[in-house]
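Trainee: I should like to learn how to read the features of a protein model in a systematic manner. May we go through one together?

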Amino acid sequence: MRVKRSVLGLVGVLAWMLTAVLTTGSAQAAEPSNNGAGGNVRIAPSAPDSAQSAAQGVAAVSPTISPATRFIHVATGEPYTCDSGNFCGEVWDPVVSKWKVFFLYYCNRYALANWNGMGDYTNAQTGGAAATFYRQNGSVLGTAPAGTVEVPQDWTPVWYIRNC
């Protein structure tokens with residue numbers, strides 16, 4: 001009788017665990033979004049010239065940002081929206097041969113890694129919040145006033161962005 005109860009208990013626990021695994025989705029924090037309201041619709045540009053040299057044997061590394069923030073990959077010619085309240089930085093990702101668009105919403109100083117070559121940015125922040133670009137040594141490289149749309153940017157000398 002004891003063995004029968006142990007087997008039934010084990011089967012019950014396994015069934016419960018299987019149900020938990022199958023019904024649990026990934027937990028992700030919700031990102032602020034206006035669902036496109038007041039956002040800037042963008043069309044991703046052609047691949048940069050540097051994409052050809054990257055495809056010819058140079059080790060590809062994906063651009064990243066810290067602290068981590070929401071991003072999407074966009075193919076050449078594909079539309080996306082930079083929602084109101086965001087600073088959107090567009091940089092070429094040679095790993096997937098698409099544009100990687102980072103959405104900087106929360107006020108912070110973001111450290112960039114592997115942001116190389118030409119890209120774009122859109123500063124759709126509200127309240128006149130200008131973004132500031134910094135060099136590796138921390139000196140100011142330039143600013144991006146609020147309301148700017150589709151501004152070309154050479155990301156190579158930019159090591160940090162403060163979006164507020």
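The dialogue below proceeds from the overall fold to a sheet, a residue and the disulfides.

Mentor: Please bear in mind throughout that this is a predicted model. Let us begin with the overall composition.

Trainee: How many helices and strands does the protein have, and which pattern does it follow along the sequence?

Mentor: The protein contains two helices and 12 strands. Read along the sequence, these elements give α-β-α-β-β-β-β-β-β-β-β-β-β-β.

Trainee: What percentage of the residues of the protein count as buried?

Mentor: A residue counts as buried when its relative accessible area is under 20%. Of the 164 residues here, 29% meet that criterion. The protein exposes about 9,600 Å², and carbon and sulfur atoms supply 58% of that area. As for contacts between residues at least 6 apart in sequence, 74% join residues at least 24 apart.

Trainee: In which order do the strands of the open sheet stand?

Mentor: To read a sheet, one follows the pairing from strand to strand rather than the sequence. The open sheet here has five strands in the order β3-β6-β5-β8-β11, and the pairing is antiparallel. Strands β3 (70–74) and β11 (151–154) stand at the edges; each has a single partner strand, so one side of each lacks a neighbour in the sheet. From one strand to the next, the twist averages 30°.

Trainee: How many bridges join β3 to β6?

Mentor: Five bridges join β3 to β6 (residues 98–104), and the two strands run antiparallel. Within this pairing, Ile 72 stands opposite Val 101 in β6.

Trainee: Let us turn to a single residue. Is Tyr 134 buried or exposed?

Mentor: Tyr 134 lies in strand β9 (residues 131–134). Its relative accessible area is 13%, so Tyr 134 is buried.

Trainee: Which residues does Tyr 134 touch, not counting those up to four places away in sequence?

Mentor: A contact list shows what surrounds a residue. For Tyr 134, the list includes Arg 109, Ser 139, Val 140 and Leu 141. Also among the residues touched by Tyr 134 are Pro 157, Val 158, Trp 159, Tyr 160 and Arg 162. Distances between C-alpha atoms offer another view: those of Tyr 134 and Ile 161 are separated by 6.3 Å, although the two residues are 27 residues apart along the chain.

Trainee: How many disulfides are there, and what is the pairing of the bonded cysteines in sequence order?

Mentor: A disulfide is a covalent bond between the sulfur atoms of two cysteines. The count for this model comes to two disulfides, and the pairing in sequence order is 1-2, 3-4.

Trainee: Which cysteine is joined to Cys 82, and is Cys 82 buried or exposed?

Mentor: Cys 82 is joined to Cys 88, with an S to S distance of 2.0 Å. The link of Cys 82 and Cys 88 is right-handed, with 95° about the S-S bond. Cys 82 is buried at a relative accessible area of 0%, and Cys 88 also counts as buried, at 1%.

Trainee: Where in the chain do Cys 107 and Cys 164 lie?

Mentor: A disulfide joins Cys 107 to Cys 164, with an S to S distance of 1.7 Å. The pair links distant parts of the chain, 57 residues apart: Cys 107 lies in the loop between β6 and β7 (109–113), and Cys 164 in the segment after β12 (160–162). The torsion about the S-S bond of Cys 107 and Cys 164 is about 60°, so this disulfide is right-handed. Cys 107 is partly exposed, at 49% relative accessible area, and Cys 164 counts as partly exposed at 33%.

Key
Residues are numbered from 1 along each chain as its sequence is written. This is a predicted model: local features need pLDDT of at least 70, side-chain atom pairs count only at pLDDT 80 or more; totals for chains, interfaces and linings use all residues. Side-chain values use heavy atoms; hydrogens and water are left out. Helices (H or I, at least four residues) and strands (E, at least two) are DSSP runs, numbered from the N terminus. Buried means under 20% relative accessible area, exposed over 50%, partly exposed in between (1.4 Å probe, protein chains only). Contact means heavy atoms within 4.5 Å. Accessible areas come from the Shrake-Rupley method with a 1.4 Å probe; for residues, only the protein chains shown count as cover. Two strands pair if DSSP finds at least two bridges between them. Axes are lines fitted to C-alpha atoms, for helices over the stretch in contact, and angles run from 0 to 180 degrees between N-to-C directions. A disulfide is a pair of cysteine sulfur atoms within 2.5 Å.
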